[in-house]
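Work through the exercises below with the sequence and the coordinates at hand, and try each task before reading its solution.

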Amino acid sequence: MNKVHEIKRAQRASLLLRAISTLFSSVARDDAALNGVTINRVELSPDKSTCYVYFYTAQGEEVFKNELLSRLILYKPSLRAALAKEIAGRYTPELIFKFDNAFEKSLRIETLISGLKDKGEL
């Protein structure tokens, strides 16, 4: 894949992130169960037909999967319809919601590095 396509995908992903974040914030204001849930990032599939939306909550992955995901899925059709109006394009990508554990991983890595520094091993 050439550089131009990668830039266009990155621009489209950035646009989707901003639009989905704005739309989600209005949903979260109306639904108390979604307070504290944030969108960290989005990824577009190579064919741009699917947009993976990565959410994070301090309550953890289990709460996200068992309680919050089903709630988010209820909002998917209206989010997607609003997204179609917000972003010009031939197709609106399918939205797939996932838990983003990158934040927790980075915290663990920082803790490990800090522990090694304290021991004098780094």
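The exercises that follow concern aromatic rings and their surroundings in a predicted model.

**Exercise 1.** Classify the pair formed by the rings of phenylalanine 24 and phenylalanine 55, and state which parts of the chain the pair ties together.

*Solution.* The ring centres are 5.2 Å apart, which lies within the 6.5 Å cut-off for a pair. The planes stand at 65°, and because an angle over 60 degrees counts as edge-to-face, this pair is edge-to-face. Phenylalanine 24 belongs to helix H1 (residues 3-30) and phenylalanine 55 to strand S2 (residues 50-56), so the contact ties together parts that are 31 residues apart in sequence. Both phenylalanine 24 and phenylalanine 55 are buried.

**Exercise 2.** Repeat the analysis for phenylalanine 64 and phenylalanine 99, and decide whether each is buried or exposed.

*Solution.* With 5.6 Å from centre to centre and 50° between the planes, this aromatic pair is tilted. Phenylalanine 64 lies in helix H2 (residues 61-86), whereas phenylalanine 99 lies in strand S3 (residues 94-99), so the pair ties together parts that are 35 residues apart in sequence. The relative accessible area of phenylalanine 64 is 1%, and this residue is buried; phenylalanine 99, at 8% relative accessibility, counts as buried.

**Exercise 3.** Which residues form one aromatic cluster, and over which rings do the charged ends of arginine 41 and lysine 76 sit?

*Solution.* The cluster is formed by Phe24, Phe55, Tyr56, Phe64, Phe97 and Phe99. The charged end of lysine 76 sits over the ring of phenylalanine 97, at 5.6 Å from its centre, while that of arginine 41 sits over the ring of tyrosine 54, at 3.9 Å from its centre.

Key. Residues numbered from 1 in each chain as written. Predicted model: local features only at pLDDT ≥ 70, side-chain atom pairs only at ≥ 80, totals over all residues. Heavy atoms only, no water. Phe/Tyr/Trp six-rings, centres within 6.5 Å; stacked < 30°, edge-to-face > 60°. Helix = DSSP H or I, 4+ residues; strand = E, 2+ residues; numbered from the N terminus. Buried < 20%, exposed > 50% of the residue type's maximum accessible area, 1.4 Å probe, protein only. Lys NZ or Arg CZ within 6 Å of the ring centre and 35° of its normal.
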